[in-house]
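Take a moment to look over the chain before reading on. We will walk through it one part at a time.

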Amino acid sequence: MTVREINFDGLIGPSHNYAGLSLGNLASSRNAGAISHPRAAALQGIEKMRGNIRLGLAQGLFLPQWRPDGSWLAMLGTDIANADPHIRAAAMSASSMWAANAATVSPATDTADGRTHLTVANLVTMAHRSHEWPQTLMQLRLAFSDTRAFAVHPPIPAPFGDEGAANHMRLSERHDLPGVEVFVYGQSGGPFPARQHIEASKAVARIHELDPARTLFVQQSEAAIAAGAFHNDVVAVANERVLFTHEQAFADKDAFYAALRHALPGVEIVEVPASAVSLSDAIRSYLFNAQLVTLPDGAMALILPSEARTVPAVWNWLEQMIAGNGPIRQLHPVDVRQSMANGGGPACLRLRVVADPKDIDPRFLVDETKLDEIGRIVEAYWPEAIAPDDLADTRLIARIEQSWLTLVDHLRLSGDLLP
Ligand code: SUG
């Protein structure tokens, strides 16, 4: 059995647009009304996956969702032609691309029954994301259908907001060894909503049958949420024994670091001080929304947004870090600008699952050849550009539907995923 970390990226869907739907997500608000480029967006995401495969990492894929979400509109007593503009935009949202919000994952080594547990996130805080979970759950139940290896759970009930792995960090000496699971929740975010509620985090930990001695609940700082860190993964990321974090990410960092050192004595905390990189620069550059990964030779690398290069304080700090003797040895900037403009960096686009790839439905795993094929479908079908006013255009909607049907058919998933 070869247990390893697999990154499942959300393929950016044909309805990708900038409707400004996420209060507290500064990029989403700043770009409200801008023209999006779904084809370029999806190709950027594919290139990121390809780059990671070339680094020797295992790669999986989640499909975009069927849009417009007519079932959700029907529950609201309307349809795409008659919906109010903000409801229409929510029904057209491509936000399921940010797979870090798909689910929370606890690998088999951490759970009492020795299976990998996944709980689909309810995403109830934002209307446009609150209707993602049924189609996400459908995909999780297909990809992880082997019940000897996996347990896939329905969402935590509303009103307890759960945003999945974006507020969950797992630290361990090695991916395949028992880990410490850290659930980060918000209590207050100044003018912005705290999207991850402690009640949901605690429920997920119970449902996943985690060992309470190796499970921490940590409050995100109000300052971080108020500065635009609407998820913890905008200010901190962990991989194996390393926590890479901004100094102001947590409400009580001393208590958190002490508890973490107690639970995992070998932990290495790489803290970026506010004096070197302000919270605002961290959020502007999305420095922490990087994939922190272990390469096949054991070295760690950061797959980070190319924006990190454009903020001098951030890039200077990173260059100094690499010149030193720390655990993070390589930097790999990637261009995911279309996603970034809606507040989603490299880490938002992926869900990490530590498992044996053999236990996973191969339709959800990708290599370069499969990415080439998907890329060709994207080139041929995905709309080139969408302005928010286009969202009611019946020709655009027909094209989005055709894009999805072609992809799902190609991946031999139409029998299982047709709406
Ligand atoms: O939920 N943006 C997403 C970005 C999610 C990023 N995920 C992580 N940090 N893990 C969100 O705020 C914007 C959609 C719009 O405005 O059209 C949006 O949903």
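**A helix, a ligand and two cores**

Start with helix α14, residues 394-410. Its 17 residues, at 1.5 Å a residue, should span 24 Å, and the end C-alpha atoms are indeed 24 Å apart, so expectation and model agree. Keep in mind that this is a predicted model.

Which residues of α14 are buried? They are Leu 396, Ile 397, Ile 400, Ser 403, Trp 404, Thr 406, Leu 407 and Val 408. Other helices help to cover them, including α4 (85-92), α13 (368-381) and α15 (414-417).

Now look at the ends of α14. Asp 393 caps the N-terminal end. One of the side-chain oxygens of Asp 393 sits 2.8 Å from the backbone nitrogen of Arg 395. Just past the helix comes Arg 412, with a positive phi of about 55 degrees.

Next, find the ligand. Around it are 21 residues. Which of them come nearest? Leu 21, Ser 22, His 128, Arg 195 and Asp 233 do. Some polar contacts can be picked out by eye. The side chain of Ser 22 places an N or O atom 2.7 Å from a ligand oxygen. Ser 95 has a polar side-chain atom 2.9 Å from an oxygen atom of the ligand. With Asn 101, the ligand atom is a nitrogen, 3.0 Å from an N or O atom of the side chain. How much of the ligand does the protein cover? On its own, the ligand has 490 Å² of accessible area, and the protein covers 99% of that.

Turn to the nonpolar residues. The largest nonpolar core holds 78 residues. Inside this core, Phe 144, Val 182 and Phe 256 have the most contacts. Helix α2, residues 38-54, gives the most to this core, with 5 residues. Zoom in on Phe 256. Setting aside neighbours within four places in sequence, Phe 256 is in contact with Met 169, Val 182, Leu 216, Val 218, Leu 243 and Phe 250. Another core, of 22 residues, lies apart from the largest one. Val 270, Leu 287, Met 321 and Ile 328 are among its members.

Finish at Lys 253, in helix α9 (residues 253-263). Why is Lys 253 called partly exposed? Its relative accessible area is 22%, and partly exposed means between the 20% limit for buried and the 50% limit for exposed. Leaving out residues up to four places away in sequence, Lys 253 touches Glu 247 and Glu 271. Gln 220 is 33 residues from Lys 253 along the chain, yet their C-alpha atoms are separated by 9.3 Å.

Key
Residues numbered from 1 in each chain as written. Predicted model: local features only at pLDDT ≥ 70, side-chain atom pairs only at ≥ 80, totals over all residues. Heavy atoms only, no water. Helix = DSSP H or I, 4+ residues; strand = E, 2+ residues; numbered from the N terminus. Expected span 1.5 Å × (residues − 1). Buried < 20%, exposed > 50% of the residue type's maximum accessible area, 1.4 Å probe, protein only. Contact = heavy atoms within 4.5 Å. Polar contact = N/O pair within 3.5 Å; in protein donor to acceptor, adjacent residues only side chain to side chain. Near = heavy atom within 4 Å. Areas by Shrake-Rupley, 256 points an atom, 1.4 Å probe, with all protein chains shown as cover. Core = buried A, V, L, I, M, F, W, Y, C linked by side-chain atoms within 4.5 Å.
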